[in-house]
Amino acid sequence: MEEKLRILLCEDDESLGMLLREYLQAKGYEAELFPDGDAGYKAFLKNRYEMCVLDVMMPKKDGFQLAQEIRQVNAEIPIIFLTAKNLKEDIFDGFKIGADDYITKPFSMEELVFRMEAILRRVRGKKVKETNMYKLGRFTFDTQRQILAIGDKQTKLTTKESELLSLLCAHANDVLQRELALKTIWIDDNYFNARSMDVYITKLRKHLKDDPSIEINNVHGKGYRLIIPTTEEE
């Protein structure tokens, strides 16, 4: 039986907290609820969690302070902030601390779970990348070092370039759905992120131009296909 993912949930509104905990449990998560930042931090030190969902306005220790202390212990764990604040300054502060997402109240619980799943897909994708080395025609792609090499030429890719090329490699000679790529790497599939991804696709094509057998094709209405030679063709 697959182990349930454990979620640290900190919310001082008792009614909302209980509803969130019950909803997450119904969705297959093991959610542990704490009413303030101090209790949440003590629990974090004692237990293993896969994600933190933190209310910003809490007694004893607010969500921002709690997140900073959690980041000192575990710099990689995903954090989502829940807050009634919607000022840009507060949102920026949250992301500066290292938030993976920021949801303003009121929100739908379905949206929260959707965002959690998108973040977890991205995190799992990064973990897979750490052990992968791809052969793309005459290129080799070291996903851990984010280096694309051909002969003596090495190109250091940006994080977004590396994440996108990794997804394309995982779907080599098949269609990588635009929605999947956007939600995995950018979390949200809005218009601006879609345009940003198009720019990164263009950059990857330039990086790969030294081997004409490698192509990234548009698949109308669906996404992209990375074409690489098969073993027989090579």
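# Reading strands, helices and cores

Author: Let us begin with one pair of residues: I150 stands opposite K153 in β9. Please keep in mind, throughout our talk, that this is a predicted model.

Reader: How many bridges join β8 to β9, and do the two strands run parallel or antiparallel?

Author: Four bridges join these two strands, and β8 and β9 run antiparallel to each other.

Reader: In which order do the strands of this sheet stand?

Author: When you read a sheet, follow it from one neighbour to the next. Here you pass through β6, β7, β8 and β9 in that order, four strands that form an open sheet with antiparallel pairing. Because β6 and β9 (153-156) each have a single partner strand, they stand at the edges, and one side of each is left without a neighbour in the sheet. Neighbouring strands of this sheet are also turned against each other, by 20 degrees on average when direction is ignored.

Reader: Which strands does α6 lie across?

Author: Helix α6 lies across β6, β7 and β8, and its direction makes an angle of about 70 degrees with β6.

Reader: Which residues have the most contacts inside the largest nonpolar core?

Author: They are L136, L164, L168 and L226, in a core of 28 residues. At least two residues of this core come from each of several elements, namely the strands β6 (133-136), β7 (139-142), β8 (147-150) and β12 (223-227), together with the helices α6 (159-170), α7 (178-186) and α8 (191-207). To see how such a core is joined, take L168 and leave aside its neighbours within four places in sequence: L168 is then in contact with L176, I201, L204, I216, Y224 and L226. Apart from this core lies another, of 21 residues, which includes A43, Y49, C52 and I97.

Reader: To which residue in β4 is C52 bridged?

Author: The bridge partner of C52 in β4 is I79. Four bridges join strand β3 (residues 51-55) to β4, and this pair runs parallel.

Reader: Which residues of β4 point one way, and which the other?

Author: The general idea is that, in a regular strand, side chains alternate between the two faces of the sheet. In β4, I79, F81 and T83 point one way while I80 and L82 point the other way, and all of them are buried. Strand β4 (residues 79-83) is accordingly described as mostly covered, with five of its five residues buried.

Reader: At what angle do α2 and α3 cross?

Author: Helix α2 (residues 37-46) and helix α3 (residues 63-73) have axes that come within 10 Å and cross at roughly 10 degrees. Since angles under 35 degrees count as roughly parallel, α2 is therefore roughly parallel to α3. The crossing of α2 past α3 is right-handed. Where they meet, α2 brings G37, G40, Y41, F44 and L45, and α3 brings L66, E69, I70 and V73.

Reader: Are α7 and α8 roughly parallel or roughly perpendicular?

Author: The axes of α7 and α8 come within 11 Å and cross at roughly 95 degrees, which means that α7 is roughly perpendicular to α8. In this pair, R178, A181, L182 and W186 of α7 meet N193, A194, R195, S196, M197, D198 and Y200 of α8.

Reader: How many helices and strands does the chain have?

Author: The chain has eight helices and 12 strands, and buried residues make up 47% of its 234 residues. Among contacts between residues at least 6 apart in sequence, 55% join residues at least 24 apart.

Conventions: Residues are numbered from 1 along each chain as its sequence is written. This is a predicted model: local features need pLDDT of at least 70, side-chain atom pairs count only at pLDDT 80 or more; totals for chains, interfaces and linings use all residues. Side-chain values use heavy atoms; hydrogens and water are left out. A nonpolar core is a set of buried Ala, Val, Leu, Ile, Met, Phe, Trp, Tyr and Cys residues joined through side-chain atoms within 4.5 Å. Buried means under 20% relative accessible area, exposed over 50%, partly exposed in between (1.4 Å probe, protein chains only). Contact means heavy atoms within 4.5 Å. Two strands pair if DSSP finds at least two bridges between them. Axes are lines fitted to C-alpha atoms, for helices over the stretch in contact, and angles run from 0 to 180 degrees between N-to-C directions. Angles under 35 degrees count as roughly parallel, over 145 as roughly antiparallel, 65 to 115 as roughly perpendicular and the rest as oblique. A crossing is left-handed if the near helix is turned anticlockwise from the far one by less than a right angle, and right-handed if clockwise.
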